[in-house]
Amino acid sequence: MYAQTKIKSRTETVTEFDKKAKKFITHKESYQLYNTNGDIIEEFGYDKKGVVNKHVKFEYNASGKKTKEIHYKDNTSTVKFIVEFVYDAHGLKTEELEKTADGSKTTSKRVFSYGY
C-alpha cells in the first residue's frame, strides 16, 4: 500500500478534549514500521499516557502474503501468542491459527472457505 511512496514508518496521533484539564491533549496512538514492499513489519499501540499497550511483529512469505503475527506483552520481548496464516494453491487464506507463545500448541483456529 505504501510502497509507491517509500514510507518507512507512520505515526498516528489523537487530539482529545480532557474535561479535567479543560484543554485539548494530543497523544501518540500508534506507530508502524514498513518494509520495502510497503508491508507493516512492526506495530506499536499506546495508551493516553504514552505507555505501549500493543506490540506486534509481522512476517511475510516470498509472495508477500502475511504468514505470522507475533504478539508481545506490551513493550517487552516476551511473546504473548502467535498467529499463523495458511494459504491454498491460489493464494487465498484458508486458516488462521492462534498458538501459544512457543508456537507448540494451537489455542484457536479460524477457517475460511470460498464459493466459486
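Colleague: In which strand does Tyr31 lie?
Modeller: This is a predicted model. In it, residues 23–34 make up one strand, and Tyr31 belongs to that run. The strand is β2.

Colleague: Is Tyr31 buried, partly exposed or exposed?
Modeller: Its relative accessibility is 22%. Buried means under 20%, and exposed means over 50%. The value for Tyr31 falls in between, so Tyr31 counts as partly exposed.

Colleague: Which residues does Tyr31 touch, leaving out those up to four places away in sequence?
Modeller: Ser9, Arg10 and Thr11 are among them. The others are Glu42, Glu43, Phe44 and Tyr46.

Colleague: How far apart in space are Tyr31 and Thr13, C-alpha to C-alpha?
Modeller: In sequence, 18 residues separate Tyr31 and Thr13. In space, the C-alpha distance is 9.0 Å.

Colleague: Which strands stand at the edges of the sheet, and why is one side of each left without a neighbour?
Modeller: Eight strands form an open, antiparallel sheet, ordered β1-β2-β3-β4-β5-β6-β7-β8. Each edge strand has a single partner, so one side has no neighbour in the sheet. The edge strands are β1 (9–18) and β8 (106–111).

Colleague: What does the twist average from one strand to the next?
Modeller: The strands follow one another from β1 to β8 in the open sheet. From each strand to the next, the average twist is 15°.

Colleague: How many bridges join β6 to β7?
Modeller: Strand β6 covers residues 79–87, and β7 covers residues 93–99. The two run antiparallel. Val86 stands opposite Glu95 in β7. The number of bridges is six.

Colleague: Which side chain joins that of Glu95 in a polar contact of 3.4 Å?
Modeller: Glu95 lies in β7. Its contacts beyond four places in sequence include Phe85, Val86 and Lys109. The polar partner at 3.4 Å is Lys109.

Technical notes: Residues are numbered from 1 along each chain as its sequence is written. This is a predicted model: local features need pLDDT of at least 70, side-chain atom pairs count only at pLDDT 80 or more; totals for chains, interfaces and linings use all residues. Side-chain values use heavy atoms; hydrogens and water are left out. Two strands pair if DSSP finds at least two bridges between them. Helices (H or I, at least four residues) and strands (E, at least two) are DSSP runs, numbered from the N terminus. Axes are lines fitted to C-alpha atoms, for helices over the stretch in contact, and angles run from 0 to 180 degrees between N-to-C directions. A polar contact is a pair of N or O atoms within 3.5 Å; within protein, one must be able to donate a hydrogen and the other to accept it, and residues adjacent in sequence count only if both atoms are side-chain atoms. Contact means heavy atoms within 4.5 Å. Buried means under 20% relative accessible area, exposed over 50%, partly exposed in between (1.4 Å probe, protein chains only).
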